[in-house]
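Work through the two exercises below with the sequence and the predicted model open side by side. Each task is followed by a solution in steps.

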Amino acid sequence: MILVIALLPTVVMADEAKKGRFSRNKTSQVQSQTEESTQTTTGGISKGRFGRFSQGGAKADPSREVQTSSSREIKENVGNSVTEQAREYRPVETVEIRNSGDEAERRYAQSASQPEWVKKALKDPKKVDVIQRLIDNMVDIEGGSYYMGATPEQQSEAYDTEAPMHYVTISSFFISKYEVTQEEWNAVMDDYPSNYYGEDKDRFPVEMISWVDCHTFIDRLNALTGMRFRLPTEAEWEFAARGGNYSNGAKFAGGNNAQEVTWNEVNSERRPHIVGTKAPNELGLYDMNGNVWEWCEDWYSNSYYAKSNGLTDPQGPTTGEYRIIRGGSWFDAVRLCRVSSRYMNIDTNRDPGLGLRLALDY
């Protein structure tokens, strides 16, 4: 079998986004950390290094237990990154899975002229293990249709920016079971940017990262794995937060009791918490509401919802001043930690409540 893998509130809200929502804002010009484009040849990573995902990612299940899915092909989807800082990639030619009895030998096409940081990282067993766990925690989200925005269960708590409720269709995709952790960020970036520095910081969500930083991280992760990770769109994010095709129609991701499923200003003790310590939603996803805000790919517009009824895979406005963030965080009121709540921030802002969750195309 040949598996082909690609390399690769309105006025008030706007004012707050411009100046940052935290007292410890560290907004700055992000320096480019990208390297030269890589060209692929043969040879490379042995079985067990980034190989298990190709044999089936985590599968969303209505019982809330994440199970292993059957083998599937990840379709090639090569293109340029959406930011000026992004690096262009050429597609990986092939990944071969050769069956010999019960053994499967996986040979991943590597470049003879890889950047030194890629070569160094792939020789580090700890980094390889961390990235493998990240890959294994990608959850298979079956596509479907749903009502997005200010749905009836949100009642009077919905903001005007969540209206109107509209019907959209989402194609199947993968999304990470957890928010990206500090350990995962460090494995890719060799950096701990977060405001929280406890002894067990590796298990906490990474924060103090901008939308631009997220794309640098994703570009480097794609170079290391030969896969095409990305940020979710806003519509994908909400579909996953609501539980996808298994949604129970709850106000928060995982239920109607905010304190059971979110870290918010009431229960957080004014800090983020280890990922996955609250109850998951119907798809087995943790912290979709609360803990840290999660950057989405889309530009923000308070009028886009009125134009997107009936769309398949809406991508958001074609331009804008702010990027979408979703989910609420440890410092936010419960009202902001709902599945339909939406907010925005400037794409270079870094704050103690801004993190990310990864998506991946089929």
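Axes here are lines fitted to C-alpha atoms, for helices over the stretch in contact, and angles run from 0 to 180 degrees between N-to-C directions.

**Exercise 1.** Determine at what angle H4 and H5 pack and which residues make the contact.

Solution. Begin with the geometry: the axes of H4 and H5 lie 9 Å apart, and the angle between them is about 65 degrees. Because angles of 65 to 115 degrees count as roughly perpendicular, H4 and H5 are therefore described as roughly perpendicular to each other. Next, take the handedness, which for the crossing of H4 and H5 is left-handed. Then list the residues: H4 contributes Glu184, Trp185, Val188 and Met189, while H5 contributes Asp213, Cys214, Thr216, Phe217, Arg220, Leu221 and Leu224. Finally, sort these contact residues by character, which gives seven nonpolar, one polar and three charged.

**Exercise 2.** Identify the largest nonpolar core and the elements that give two or more residues to this core.

Solution. The largest nonpolar core has 42 residues, and those with the most contacts inside it are Phe217, Leu221, Leu224, Phe229, Leu356 and Leu358. Two or more residues come from each of helix H2 (116-122), helix H3 (125-136), helix H4 (182-189), helix H5 (211-225) and strand S11 (293-299). Of these, H5 supplies the largest share, eight residues. To see the surroundings of one core member, follow Leu358, whose contacts beyond four places in sequence include Leu134, Met138, Phe174, Val180, Phe217, Leu221 and Phe229. As a last step, set apart a second, separate core of 24 residues, with Val139, Leu283, Leu285 and Met344 among them.

Terms used. Residues are numbered from 1 along each chain as its sequence is written. This is a predicted model: local features need pLDDT of at least 70, side-chain atom pairs count only at pLDDT 80 or more; totals for chains, interfaces and linings use all residues. Side-chain values use heavy atoms; hydrogens and water are left out. A nonpolar core is a set of buried Ala, Val, Leu, Ile, Met, Phe, Trp, Tyr and Cys residues joined through side-chain atoms within 4.5 Å. Buried means under 20% relative accessible area, exposed over 50%, partly exposed in between (1.4 Å probe, protein chains only). Helices (H or I, at least four residues) and strands (E, at least two) are DSSP runs, numbered from the N terminus. Contact means heavy atoms within 4.5 Å. Angles under 35 degrees count as roughly parallel, over 145 as roughly antiparallel, 65 to 115 as roughly perpendicular and the rest as oblique. A crossing is left-handed if the near helix is turned anticlockwise from the far one by less than a right angle, and right-handed if clockwise. Ala, Val, Leu, Ile, Met, Phe, Trp, Tyr, Cys and Pro count as nonpolar, Asp, Glu, Lys and Arg as charged, and the others, Gly among them, as polar.
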